[in-house]
Amino acid sequence: MRSPTAVTADDHQRYQYKPLPTGTSIRVLQIKGVQEGKLCISLELVDLADDPFFYALSYTWGNPHANGVDFTEHFNTVSGEYTSESKTETVCHGKSIYIQTNLADFLQELQSSLEQQDSPFQIPRSHEFRIWVDAVCINQDDLAERAFQVQMMGDVYRKAARTIIWLGRGDQYTTDAVEAISKLAACPQDVFVQSNITPFRQQEPDVYTASGVPYISWMEWCSLAAFFKRQWFSRLWIVQEVILSRELSLMCGSHQICWEVLVTAARTVEARCKVLGFSPSTLFMQAHEIAVALEHNTVQLARWRDFYYGTSAPEPQTRITFENLIYDTWIFSATDPRDKVYGMFGLMKTDLKAKMAVDYTSPVELVYALTTKHMIDHYSSLQILSCVQDASIRRIKPSPSWTPDLSLPYFNMMCSNGFFCAAGVENKSPQLLPSSSWDRLKLKGCLFDTIVETGNDRTNHVNSSVLLDPSWFELCMLLSQPYQHTGEPRTEVLWRTLCANQTSESAVPAPKDYGILFKELLSAMIMVRAEIESEAYAEDQAKQEARGDPRLPPDCCTGFMDALGKAKEKWTFAEFDTLGREEILRHLCQRPRFLSSDRHGWLIYTLTKLQILALTEDNPNTPNWEELEQFFYNPTYVMRRKKGHDIMLVRQNDERFSTSFHKRYGKHKLFLTEKGYLGLGPASAKVGDVVAILAGAEGPFILRHGHPGCDIGEENQEERKEKEGENEVMSLVGQAYVHGIMNGEAVEEEGFKLREIELA
């Protein structure tokens, strides 16, 4: 076949599609051979109502190869072959159709396979090999046909005798990956799970021999990672294609793999990782990627397929509903952002599908807004609002503030597991009211409180969970001691808020011993902060000496003990050592915020804040100076280790708190309210934002006065209070956890009243 070339307007006469005659008609492709180096195909009309015999193809249009970490170089090397301009000319009924390189690779491999006597594609003698391929069998230039056929795609995959999954042409990893899959699938799962093997890690053959497991080399594990990182596994359309297909088989270059074999291998790896308590395959993830195990999508697809065909009974939260699929497929990607919705149509129930027609002429923001409203109305749930991401990271702009950006590969629900009920049991159902236009959402809720202080925004840091945030302690110092809303010590309130009072498995409440793990994590973070400041000190010293100026910032430290010594000096100099507990609470724990400027972010000031907390509580969950000094000399957990020029992050021995914390803290920050509540909310939350409790929502939401992007300053505070009873337009910033009001306590407070709230 001819190599891909750029398509020009002067190329041979194009194939002209004819309209499909009926509402159940589709086109299917047949390979007719090769003439003059060009693949020849034909398109035949069939009617699904007649139960025709055909196969279907599941593939990705663009570059199909693995990307990220060790695989980026190869991905970039071949990317030029997969651009939208680089297509292969194919002859269809004497006319030209230009197809993407990945599809051309498949058709070439398919033709070779069909010519083999032992071809795996067994075709009944009364039939010819015909296959449905979306890029060719749908007239992609006809938006009306495209929209109609998208709604039919569920039926196409249901009716197909078999779906062939094409992962792309083979590469240097393919053979080893297939070998690893074969070994894992052949190994009894219980044997592998009880072994000492760590998947996706290099281990000696003796470890495998002792476990009775065939040896899987480091190269084979790397190759398996490359296999799972092929683009097909993250493509949204595969969800309905895999779930609905009668039978499945995979092709990767000339290699053919049974779907069940791949699933068995993936489930074996997943089962072992559950015992280990972490996902080793995330080693192959880039810093900006969502840390989801590489085998996860395959296992999830198989699980959905089992549910669909009734081979296993799903729990209510895992049933194949449109709502669950929207949440569960969020990490899958789609070239057209509208397909994050339309790609689920084949799995929708008829009544919901009738309300949500496929329309590729509609703007993305309209599709997402209508989908959000339909989900609230159809499922009588505000859970979809919990998915609204921070405005700073949205791709689809402008769009209503209350609409989640489905095109982003992640969201971070703060409270959505049925454990919380901030509006109380009497307000468990959402009250959706008629709105004036598609971009407005009107609900019943209460504007309960106002944010008066916020913590720092760490969303731009790759390892934000490693970096100590001094604002945690500043906000904690401003709380009443004990916390007036629950009677708990304020350092306990701090750690419970940082993990949204949930366990690593999302159960409520978090156990008391998380406080011990929090203290250990903080101590390790302090040591990392000391290392970072020491490194900065050395760099600054070299720069200053080069300029002939030996002076350095007085608050910078050369290590932990240096910082601790300076903190003690400042403590004595300020005569804090003469104050009793009540005096410390009165003088050092009041607004305006104490030690909250950029200058006070240095470690010596963080140590000062920790000592203040330690002296104002009995058995605090934050370390005091003596405990930190003991930790420095005899650490129970070292977070960061250097190996040559590389720095490695190390997991805690008991990582229950840190796992829960990492789940909740990403893209969030702490805040303090006017009524003295501590909360964890969106990274873009700011002073003046409102804590609102919406009827039917599990947790509170942060709202902002005015339309999205509108910034109302402090001078309008009184004017806003005068409009308290009016239905002003507000923007949704995101969901929050507020310690002390998650179980309906706010409803009992004086002045709690539901009112109409209109979101723009």
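**Exercise 1. Proline and the peptide bond before it**

Task: In this predicted model, state which loop holds Pro482, and find what kind of peptide bond joins Gln481 and Pro482.

Solution. Step one: Pro482 sits in the loop between helix 16 (471-477) and helix 17 (490-498). Step two: omega of the bond that joins Gln481 and Pro482 is about 0 degrees, and the bond is cis. Step three: a second case occurs at Lys397 to Pro398, where the peptide bond is cis with omega near -5 degrees. Pro398 belongs to the loop between helix 15 (364-379) and strand 11 (432-433). Step four: these bonds deserve a note because most peptide bonds are trans.

**Exercise 2. Positive phi outside glycine**

Task: Locate Val69 and Lys667, and decide how exposed Val69 and Lys667 are.

Solution. Step one: most residues other than glycine have a negative phi. Step two: Val69 has a positive phi near 55 degrees, and its place is the loop between strand 4 (55-58) and helix 1 (72-79). Step three: Lys667, also not a glycine, has a positive phi of about 60 degrees; its loop runs between helix 23 (656-665) and strand 15 (668-673). Step four: burial requires a relative accessible area under 20% and exposure one over 50%. Val69 has 38%, so it is partly exposed. Lys667 has 31%, so it is partly exposed as well.

**Exercise 3. Length and burial of helix 21**

Task: Check the span of helix 21 (residues 603-615) against its number of residues, then say how far it is enclosed.

Solution. Step one: the expected span is 1.5 Å times one less than the number of residues. For the 13 residues of helix 21 this gives 18 Å. Step two: the end C-alpha atoms of helix 21 are 18 Å apart, in agreement with the expected value. Step three: twelve of the 13 residues are buried, so helix 21 is largely enclosed by the rest of the structure. The buried residues include Leu603, Tyr605, Lys609, Gln611 and Ala614.

**Exercise 4. Strand 18 and its partners**

Task: Determine which strands pair with strand 18, and in what sense; then describe the burial of its faces.

Solution. Step one: strand 17 (residues 690-694) pairs with strand 18 in the antiparallel sense over three bridges. Val691 has Ile702 of strand 18 as its bridge partner. Step two: strand 17 and strand 18 make a hairpin, with six residues between them. In its turn, Gly696 has a positive phi of about 90 degrees. Step three: strand 18 also pairs with strand 19 (residues 729-735), antiparallel over five bridges. Phe701 is bridged to Gln735 in strand 19, while Arg704 stands opposite Ser731 in that strand. Step four: five of the five residues of strand 18 (residues 701-705) are buried, so the strand is largely enclosed by the rest of the structure. One side carries Phe701, Leu703 and His705, the other Ile702 and Arg704, and both faces are covered.

**Exercise 5. Onward from strand 19**

Task: Say in what sense strand 19 and strand 21 pair, and give the bridge partner of Val729 in strand 21.

Solution. Step one: strand 19 and strand 21 (residues 755-759) pair in the parallel sense over two bridges. Step two: Val729 has Glu758 of strand 21 as its bridge partner. Step three: strand 19 is mostly covered, with seven of its seven residues buried.

**Exercise 6. Packing of helix 10 on helix 11**

Task: Give the geometry of the packing of helix 10 and helix 11 and the make-up of the contact.

Solution. Step one: helix 10 (residues 259-276) and helix 11 (residues 296-308) pack at about 115 degrees, and their axes are 9 Å apart. The crossing of helix 10 and helix 11 is left-handed. Step two: helix 10 contributes Trp259, Leu262, Val263, Ala266, Arg267 and Glu270 to the contact, and these meet Thr298, Val299, Leu301, Ala302, Arg303, Arg305 and Asp306 in helix 11. Step three: the residues of the contact of helix 10 with helix 11 divide into seven nonpolar, one polar and five charged.

**Exercise 7. A contact distant in sequence**

Task: State how far Lys95 and Gln13 are apart in sequence and in space.

Solution. Step one: Lys95 lies in strand 6 (residues 95-100). Step two: Lys95 and Gln13 are 82 residues apart in sequence, and their C-alpha atoms are 5.9 Å apart. Step three: beyond its neighbours within four places in sequence, Lys95 is in contact with Gln13, Arg14, Tyr15 and Thr90.

Methods:
Residues are numbered from 1 along each chain as its sequence is written. This is a predicted model: local features need pLDDT of at least 70, side-chain atom pairs count only at pLDDT 80 or more; totals for chains, interfaces and linings use all residues. Side-chain values use heavy atoms; hydrogens and water are left out. Helices (H or I, at least four residues) and strands (E, at least two) are DSSP runs, numbered from the N terminus. Buried means under 20% relative accessible area, exposed over 50%, partly exposed in between (1.4 Å probe, protein chains only). Two strands pair if DSSP finds at least two bridges between them. Axes are lines fitted to C-alpha atoms, for helices over the stretch in contact, and angles run from 0 to 180 degrees between N-to-C directions. A crossing is left-handed if the near helix is turned anticlockwise from the far one by less than a right angle, and right-handed if clockwise. Contact means heavy atoms within 4.5 Å. Ala, Val, Leu, Ile, Met, Phe, Trp, Tyr, Cys and Pro count as nonpolar, Asp, Glu, Lys and Arg as charged, and the others, Gly among them, as polar.
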